[in-house]
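Hello,

Here is the structure I promised to pass on. Have a look first, and my notes follow below.

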Amino acid sequence: MTYEEFADTRLAPLLRYAVMLTGEPHQAQDLVQETMVRVQLNCVGRASGSNQAAKRLPWRRASR
């Protein structure tokens, strides 16, 4: 799965989940944006790295 395919299929669910965690849409958008940048950087040179990289999402920040 390429990063583009991953982003197309997972962006909306990740945003909904982030809104549920943070309770604030703007904070959720920032969290998802940071996460997607990290996923993309971790997937450079990997054919199927998106799913593994996404499992290490920075959701702990949402509780701050």
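Which helix is Thr35 found in? Thr35 belongs to helix H2, residues 25–43. Before going further, please note that this is a predicted model, in which local features need pLDDT of at least 70 and side-chain atom pairs count only at pLDDT 80 or more, while totals for chains, interfaces and linings use all residues. Residues are numbered from 1 along each chain as its sequence is written, and side-chain values use heavy atoms, with hydrogens and water left out.

The chain has three helices and zero strands, in the order α-α-α from the N terminus (helices are DSSP runs of H or I, at least four residues; strands are runs of E, at least two). Of its 64 residues, 33% are buried (under 20% relative accessible area, 1.4 Å probe, protein chains only).

Back to Thr35: this residue is buried, with a relative accessible area of 2%. Its side chain reaches the backbone oxygen of Leu31 at 2.8 Å.

Helix H1 may interest you too. H1 covers residues 3–22, yet its end C-alpha atoms are only 25 Å apart, where a straight helix of 20 residues would reach 28 Å at 1.5 Å a residue (the expected span is 1.5 Å times one less than the number of residues). H1 bends by about 50° at Arg10 (the angle between axes fitted to the seven residues ending there and the seven starting there), and Pro13 follows within four residues. Among the buried residues of H1 are Tyr3, Phe6 and Leu14. After H1 comes Gly23, with a positive phi near 80°.

Best wishes

Definitions and conventions
Buried < 20%, exposed > 50% of the residue type's maximum accessible area, 1.4 Å probe, protein only. Polar contact = N/O pair within 3.5 Å; in protein donor to acceptor, adjacent residues only side chain to side chain.
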